[in-house]
Amino acid sequence: MAMPARRLVLWCPDWPVVTAVRVAELEPLSPAAVFLANRVVACSATARESGVRRGMRRREAQGRCPELVVFDHDPARDARLFESVVVAVEDLVPGVEVVRPGLLAMPARGPARYFGGEEVAAERLVDQVDAQAGAECRIGAADGLFASILAARRARHVPPGTSADFLSPLPIEEVEQLGDLLGSKRSAQAELVDLLRRLGIRTLGEFAALGSSEVTTRFGNTALLAHRAARGLEERPVERRQPPPELEVAEKLDPPVDRVDRAAFVAKALADELHAKLDGLGLACTRLGISARTENGEELHRVWRCAEPLTPAATADRVRWQLDGWLSGKGNRERPTAGLGELNLRPAEVVGSGGLQLDLLNAATGEAAARAARAFARVQGMLGPEAVVTGVLGGGRDLRDRVRFVPWGDERAPALAAEPPWPGRIPPPSPTVVPDESWQARVLDEAGDPVRLTDRKLLTGAPSRVEVSGGRSRAVVGWAGPWPIAERWWVDLLACGSGRTAPDSQVSPRAAARMQVVLEAAAEGEESEAGEVALLLVHERGDWWVQGVYR
């Protein structure tokens, strides 16, 4: 397995707050916080001393710190002012990549050889940023970008080959830092952290000890990326071959542009053109080079890095932020002496889009989404509306109750309330296989007698073997339950009190119990799934039924 590339990462703490305070010309130590969707996304050290925390609601934050200065989240402002930091670093180190405003990554080998070591290079960079940009920063070094980000947050130098050891004792909440690497919101990482904590996983080392295939099948692609990061690996190599030159897109600006809004309009058209070329070749861009040339021949260039493939909208945003930084003259570079006469976008790194496993309905944008919609409508025209359906999550306690399928084009609102309270519903992770019709099963004790439920919903014996649909039985190596289910128990009482006949099946009472069992691995030569398999069993109508399979 190839060693992850050695990286230096520069992190400016609380950068959204720092920029907001600077623009507002407030005192640097003012208690301040930046909010998005009424929640704190960043706060100053002074605000933290009063109890303000990331993710806190605005009312609670102001209650803990009445003098708190409130700012709206503005990525363009953050990127514009971060240009001064990037310029300061580029004076010492080439090959700088912007991960997000407030976070820079660069190869460690060149600076270490030139300055006489990674730690010496880090000290020089800190002094440089302080002198030229007036910004506080921390620098970390490690193998792999994720480990380097966490090292920078702690101002640590992690020796080569020890990134996995450095990550192992860190709390599982550090997975949320992947939002910085992905350039995306942290909601998916926060949900994963919450799930892992409920499963008893408290550190990155415990998460890294899980098998990759189990993580992928149970938790999805987001968890796989987090799992690789926790192991000290990278989602892909940092250095890749240069993409073919035909992917480059450029636009001559006549007359030259010196305003951000006009340049951003051109950038959007270029982003759409670039992604049309990438789609035609089955590629996606993960590192974007942005170049511009002024009328007087001044050359401007910057690389933005993102672990997830850029969409046209994300590409246009990064170009707009970068143009704002250039045209405003931030950094030790003066504002360009003339308007921009040429704008150029070029993928610095591409990956095959076939292996990205994007969500077709949510991640597809622009022409790709339109093509998908036209194809779905055409299939519906040939085979009927029910031929193309999408799943909608709703409320309910059973697995089948929580998902319903609606025809493509119809409103996808859930039929039942998807949010709690649903006491007794199946907790995550959900089974990987849910049969359309439950499979009948037999649960046997050590004597070979069927295991039933008593009137008090207790087992008549400890499960020893399970036989599914008349197949060969397999030994039980672990089990939990049973958990009784009593739904709509009041219906019979209402029917008897009103003198009506028995209720219909849609509102009839239901009494059942669930149990989870883990079966031993199939013997060699048996036609069965390799490895241990866990089943979700339901006792109903006097029999056991397999409602889900965990693999």
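Helix H7, residues 145–153, is mostly covered, with eight of its nine residues buried. This description rests on a predicted model. The buried positions of H7 are Leu145, Phe146, Ala147, Ser148, Ile149, Leu150, Ala151 and Ala152. Just after the helix comes Ala155, which takes a positive phi of about 55 degrees.

The setting of this helix is a protein chain of 551 residues, of which 45% count as buried. Its secondary structure comes to 18 helices and 19 strands. Where contacts join residues at least 6 apart in sequence, 61% of them link residues at least 24 apart.

One such part of the chain can be followed in the N-terminal strands. Three strands form an open sheet in the order S3-S2-S4, and their pairing is mixed. Strand S3 (39–43) and strand S4 (69–72) are the edge strands, each pairing on one side only. From one strand to the next, the twist averages 40 degrees. Strand S2, residues 32–36, runs parallel to S4 and is joined to S4 by four bridges. In this pairing, Ala33 stands opposite Val70 of S4. Helix H1, residues 15–24, lies across S2, S3 and S4 and runs at about 110 degrees to S2.

Glu136 offers a view of a loop. This residue is found between helix H6 (118–133) and strand S7 (138–143). Its relative accessibility is 58%, and Glu136 therefore counts as exposed, the cut-off being over 50%. Although 125 residues separate Glu136 from Trp11 along the chain, their C-alpha atoms are 8.7 Å apart. When neighbours within four places in sequence are left aside, Glu136 is in contact with Trp11, Cys12 and Pro13.

The packing of helices can be examined in two pairs. In the first pair, helix H4 (residues 75–90) meets helix H15 (residues 312–327): their axes come within 8 Å and cross at roughly 45 degrees. Angles from 65 to 115 degrees count as roughly perpendicular and those under 35 as roughly parallel. H4 and H15 are therefore oblique to each other. Their crossing is right-handed. On the H4 side, the contact is made by Pro75, Ala76, Ala79, Arg80 and Glu83, which meet Arg320, Trp321, Gln322, Asp324, Gly325 and Trp326 in H15. Divided by class, the residues of this contact are five nonpolar, two polar and four charged.

The second pair consists of helix H12 (residues 212–219) and helix H13 (residues 221–230), whose axes are 7 Å apart and which pack at an angle of about 150 degrees. Because angles over 145 degrees count as roughly antiparallel, H12 and H13 are assigned to that class. The crossing of H12 and H13 is right-handed. Ser212, Val215, Thr216 and Phe219 in H12 meet Asn221, Ala223, Leu224 and His227 in H13. This contact comprises four nonpolar and four polar residues, and no charged ones.

H13 can also be described by its burial. Its buried residues are Ala223, Leu225, Ala226, His227, Ala229 and Ala230. Ala223 and His227 thus appear both among these buried residues and among the H13 residues that meet H12. After H13 comes Gly232, whose phi is positive, near 85 degrees.

A hairpin completes the tour. Strand S9, residues 283–294, is mostly covered, and eleven of its twelve residues are buried. S9 pairs with strand S10, residues 299–305, in the antiparallel sense over seven bridges. Across this pairing, Arg287 stands opposite Arg305 of S10. Four residues lie between the two strands of the hairpin, in which Gly297 takes a positive phi near 85 degrees.

Definitions and conventions. Residues numbered from 1 in each chain as written. Predicted model: local features only at pLDDT ≥ 70, side-chain atom pairs only at ≥ 80, totals over all residues. Heavy atoms only, no water. Axes fitted to C-alpha atoms, helices over the stretch in contact; angles between N-to-C directions. Left-handed = near helix turned anticlockwise from the far one by under 90°. Contact = heavy atoms within 4.5 Å. Nonpolar A, V, L, I, M, F, W, Y, C, P; charged D, E, K, R; others polar. Pairing = 2+ DSSP bridges. Buried < 20%, exposed > 50% of the residue type's maximum accessible area, 1.4 Å probe, protein only.
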